[in-house]
Amino acid sequence: MAFPWWGRASLPDMTVTESGDFRRGAALFARSEWWEAHEAWERPWLTARGDDRAFLQALILLAAALHKRWAHGSLTHRNYDKALRYLDTLPGAYAGVDLARLRADVWDALRGPARPEAGHPALHAPGGGPFPA
């Protein structure tokens, strides 16, 4: 099946985090543009398989949880809880992203009394450096 934005079903020699859509989503997420990050990550999610798909699904759900909390005032954490189900299938770091830190940072942002400043939460490389490096 071919998709019009790529002209082919997959990008065989590209890792999930190397795609332009993924990197754009990471930048949007860091700027607290969570809904837009969610939208950017949906493109690679459509053709992802296995752990890559679980990784992208978790990120999409984390972005949706933050958006619902800070754009709509929702105090429920259903999307965060759904994201955990995917994160639990992955190691603490995956595809160059520190998922353990992201999980904790998003939880803190959801429970905080005020909307987080841009740059928090954000994707980080294992060891604390910014993602992408």
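**Figure 1. Helices α1 and α2 meet in a left-handed crossing.** In this predicted model, α1 (20–30) and α2 (34–47) pack at an angle of about 165 degrees, and their axes are 8 Å apart. The two helices are therefore roughly antiparallel to each other, since an angle over 145 degrees counts as such. On the α1 side, look for Asp21, Phe22, Arg24, Gly25, Ala26, Leu28 and Phe29. Their partners on α2 are Trp34, Glu36, Ala37, Ala40, Trp41, Arg43 and Pro44. Sorted by class, this contact holds 9 nonpolar residues, 1 polar residue and 4 charged ones.

**Figure 2. Ser32 sits in the loop between α1 and α2.** Here is a backbone detail to pause on: Ser32 is not a glycine, yet its phi is positive, at about 65 degrees. Is Ser32 buried or exposed? With a relative accessible area of 8%, Ser32 is buried.

**Figure 3. Helices α2 and α3 cross at roughly 160 degrees.** Their axes come within 8 Å. That angle makes α2 roughly antiparallel to α3, and the crossing is left-handed. From α2, the contact draws on Trp34, Trp35, His38, Trp41, Glu42, Pro44, Trp45 and Leu46. From α3 (50–72), the residues taking part are Arg53, Leu56, Gln57, Leu59, Ile60, Ala63, Ala64, Leu66, His67 and Trp70. Which classes do these residues fall into? The contact of α2 with α3 divides into 13 nonpolar, 3 polar and 2 charged residues. Readers coming from Figure 1 may recognise some names on α2: Trp34, Trp41 and Pro44 take part in the contact with α1 and also in the contact with α3.

**Figure 4. Helix α4 has a buried side and an exposed face.** Which residues of α4 (residues 78–87) are buried? They are Asn79, Tyr80, Ala83, Leu84 and Leu87. These five cover an arc of only 150 degrees around the axis, which puts them on the same side of α4. Turned away from that buried side is a face carrying the exposed residues Arg78 and Arg85. What covers the buried residues includes α3 (50–72) and α5 (99–111).

**Figure 5. Helices α4 and α5 pack at an angle of about 170 degrees.** The axes of this pair lie 12 Å apart, and the angle makes α4 roughly antiparallel to α5. On α4, the contact is made by Tyr80, Leu84 and Leu87, each of which also belongs to the buried set of Figure 4. On α5, the contact is made by Leu99, Arg103, Val106, Trp107 and Leu110. By class, the contact has 7 nonpolar residues, no polar ones and 1 charged residue.

**Figure 6. Ala95 occupies the loop between β1 (93–94) and β2 (97–98).** Like the view of Ser32, this close-up is about the backbone. Ala95 has a positive phi of about 55 degrees although it is not a glycine. Where Ser32 is buried, Ala95 is partly exposed, with a relative accessible area of 30%.

**Figure 7. Asp105 of α5 touches residues in and around a cis peptide bond.** Asp105 lies in helix α5 and is buried, with a relative accessible area of 11%. What does Asp105 touch, leaving aside residues up to four places away in sequence? Its contacts are His120, Pro121 and His124. Two of these, His120 and Pro121, are joined by a cis peptide bond with an omega of about -10 degrees. Pro121 itself is found in the segment after α5.

**Figure 8. The whole chain puts the close-ups in context, with 5 helices and 2 strands.** Starting from the N terminus, the elements run α-α-α-α-β-β-α. How much of the chain is buried? Buried residues make up 45% of the 133 residues. Among contacts with a separation of 6 or more, 59% come from residues 24 or more positions apart.

Terms used: Residues are numbered from 1 along each chain as its sequence is written. This is a predicted model: local features need pLDDT of at least 70, side-chain atom pairs count only at pLDDT 80 or more; totals for chains, interfaces and linings use all residues. Side-chain values use heavy atoms; hydrogens and water are left out. Buried means under 20% relative accessible area, exposed over 50%, partly exposed in between (1.4 Å probe, protein chains only). The arc is that of the directions from the helix axis to the C-beta atoms. Contact means heavy atoms within 4.5 Å. Axes are lines fitted to C-alpha atoms, for helices over the stretch in contact, and angles run from 0 to 180 degrees between N-to-C directions. Angles under 35 degrees count as roughly parallel, over 145 as roughly antiparallel, 65 to 115 as roughly perpendicular and the rest as oblique. Ala, Val, Leu, Ile, Met, Phe, Trp, Tyr, Cys and Pro count as nonpolar, Asp, Glu, Lys and Arg as charged, and the others, Gly among them, as polar. A crossing is left-handed if the near helix is turned anticlockwise from the far one by less than a right angle, and right-handed if clockwise.
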